[in-house]
Amino acid sequence: MALLTPLFAFLYHLPQVYKWLLKPYYVASLFMSIAFLAVRKTPGVCDHLSTQREDGNSCDFDWREVEILMFLSAIVMMKNRRAITVEQHVGNIILFSKVANVILFFRLDIRMGLLYLTLCIVFLMTCKPPLYMGPEYIKYLSDKTIDDELDRDSRVTWIIEFFANWSPECQSFASVYADLSLKYNCSGLKFGKVDIGRYGEISKKYKVSASPLSKQLPSLVLFQGGKEVMRRPQVDKKGRAVSWSFTEENIIREFNLNELYQKSKKIIKTKGDKVSPSQFPPLPEEEEPEQPGTDFQGKESESKKDK
């Protein structure tokens, strides 16, 4: 039964997978990933290649090539253990296949290695993975609209994703976040996104680093009463993001979405009403040093007192 469940799930989503994989980016990536295999196995081409096999068969892998491919398989399996979407699984396979192809081509012939490496660089600069274009209940905010939306109605809870289009992690998370917005969006619970790659001032204001080395992309921040309550991933005192898996289950549990949704959908918007803490369901307790939102708010309040 444990094997049948994922098989049925794969067959159910097969039409969607085919439609997704037939996009030009993935078709081109597939051909680049199997380039060495095609060269080594194509009759008329492989006959002219060098080999270290004892039998002299240049149309089959030698022991070193098999070793490199086995090592590649092990790396892909390790990376895919933390992958949460099909895009991430396929992306890991494509990435490490290209790396292996570069090594194999350089080992075979330096000219072929240089040619393949040049093609990879051109492909990286000119082709980008397709963005998620599925259904969603998400409001895209800018540096001019985010504060207005947070202050518009203090009883509305906002979950805002800080992302960048160039980040592979953000691209993979897009479908997960969209699915959550379809399930939990209501009058008192809204989902938003801000592109900090485009609006750098927001990145500084909400303390979300856009550096690829910071591992803070994507960042999910929960706002209640217009103020930050919690975020994932958390950031320690040294400014380093604490490792966290952006699965749907983790987000539902950590942000208490089921209870939050039940209470938020009962909110009746009335102008002039003020929010009270009892309107919001309790959130999981967190350690104070790892709560960046609390630290930032605390610093602001202290500075106001000093003034």
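Buried means under 20% relative accessible area and exposed over 50%, with partly exposed in between. The model used in these exercises is predicted.

**Exercise 1. Classify lysine 183 and its salt-bridge partner by accessibility, and place both in the fold.**

Step 1. Lysine 183 has a relative accessible area of 44%, so lysine 183 is partly exposed.

Step 2. The side chain of lysine 183 meets that of glutamate 248 in a salt bridge, at 2.5 Å from N to O. This pair links distant parts of the chain, with lysine 183 in helix 9 and glutamate 248 in helix 11, 65 residues apart.

Step 3. Glutamate 248 comes to 19% relative accessibility and therefore counts as buried.

Step 4. Leaving out residues up to four places away in sequence, glutamate 248 touches Val176, Asp179, Leu180 and Lys183.

**Exercise 2. Check the length of helix 9, then locate its kink and list its buried residues.**

Step 1. Helix 9 has 17 residues, and at 1.5 Å a residue they should span 24 Å. The C-alpha atoms at its ends are 25 Å apart, which agrees with that value.

Step 2. Helix 9 has a kink of about 35°, centred on alanine 174.

Step 3. The buried residues of helix 9 are Cys170, Ser172, Phe173, Ala174, Val176, Tyr177, Ala178, Leu180, Ser181 and Tyr184. The kink centre, alanine 174, is thus one of the buried residues.

**Exercise 3. Determine how the buried residues of helix 12 are arranged and what they pack against.**

Step 1. Helix 12 covers residues 257-264, and its buried residues are Leu257, Leu260 and Ser264.

Step 2. Viewed down the axis of helix 12, the buried residues fall within an arc of 65°, so they line one face of the helix.

Step 3. An α-helix has 3.6 residues a turn, so residues three or four places apart point the same way.

Step 4. The packing partners of these buried residues are strand 2 (157-163), helix 9 (168-184), strand 3 (189-195), strand 4 (219-224) and helix 11 (248-254).

**Exercise 4. Compare two further salt bridges by location and burial, and state the total count.**

Step 1. In one pair, aspartate 147 and lysine 205 form a salt bridge whose closest N and O atoms are 2.6 Å apart. Aspartate 147 lies in helix 8 (residues 146-152) and lysine 205 in helix 10 (residues 200-205), so that distant parts of the chain, 58 residues apart, are linked.

Step 2. Aspartate 147 has 26% relative accessibility and counts as partly exposed. Lysine 205, at 47%, also counts as partly exposed.

Step 3. In the other pair, glutamate 254 forms a salt bridge with arginine 232, and the closest N and O atoms are 2.7 Å apart. Glutamate 254 is in helix 11 and arginine 232 in strand 5 (residues 227-232), so the pair ties together parts that are 22 residues apart in sequence.

Step 4. Both glutamate 254 and arginine 232 are buried.

Step 5. With a cut-off of 4 Å between the side-chain nitrogen and the carboxyl oxygen, the count comes to 18 salt bridges. Arg40, Asp62, Glu65 and Arg107 are linked in a network of salt bridges.

**Exercise 5. Describe the surroundings of tyrosine 116.**

Step 1. Tyrosine 116 is found in helix 7 (residues 110-126).

Step 2. With a relative accessible area of 5%, tyrosine 116 is buried.

Step 3. Tyrosine 116 touches Met32, Ser33, Ala35, Lys98, Asn101, Val102 and Phe105, not counting residues up to four places away in sequence.

Step 4. Valine 102 is 14 residues from tyrosine 116 along the chain, and their C-alpha atoms are separated by 6.6 Å.

Definitions and conventions. Residues are numbered from 1 along each chain as its sequence is written. This is a predicted model: local features need pLDDT of at least 70, side-chain atom pairs count only at pLDDT 80 or more; totals for chains, interfaces and linings use all residues. Side-chain values use heavy atoms; hydrogens and water are left out. Buried means under 20% relative accessible area, exposed over 50%, partly exposed in between (1.4 Å probe, protein chains only). Helices (H or I, at least four residues) and strands (E, at least two) are DSSP runs, numbered from the N terminus. The arc is that of the directions from the helix axis to the C-beta atoms. Contact means heavy atoms within 4.5 Å. The expected span of a helix is 1.5 Å times one less than its number of residues. The bend at a residue is the angle between axes fitted to the seven residues ending there and the seven starting there.
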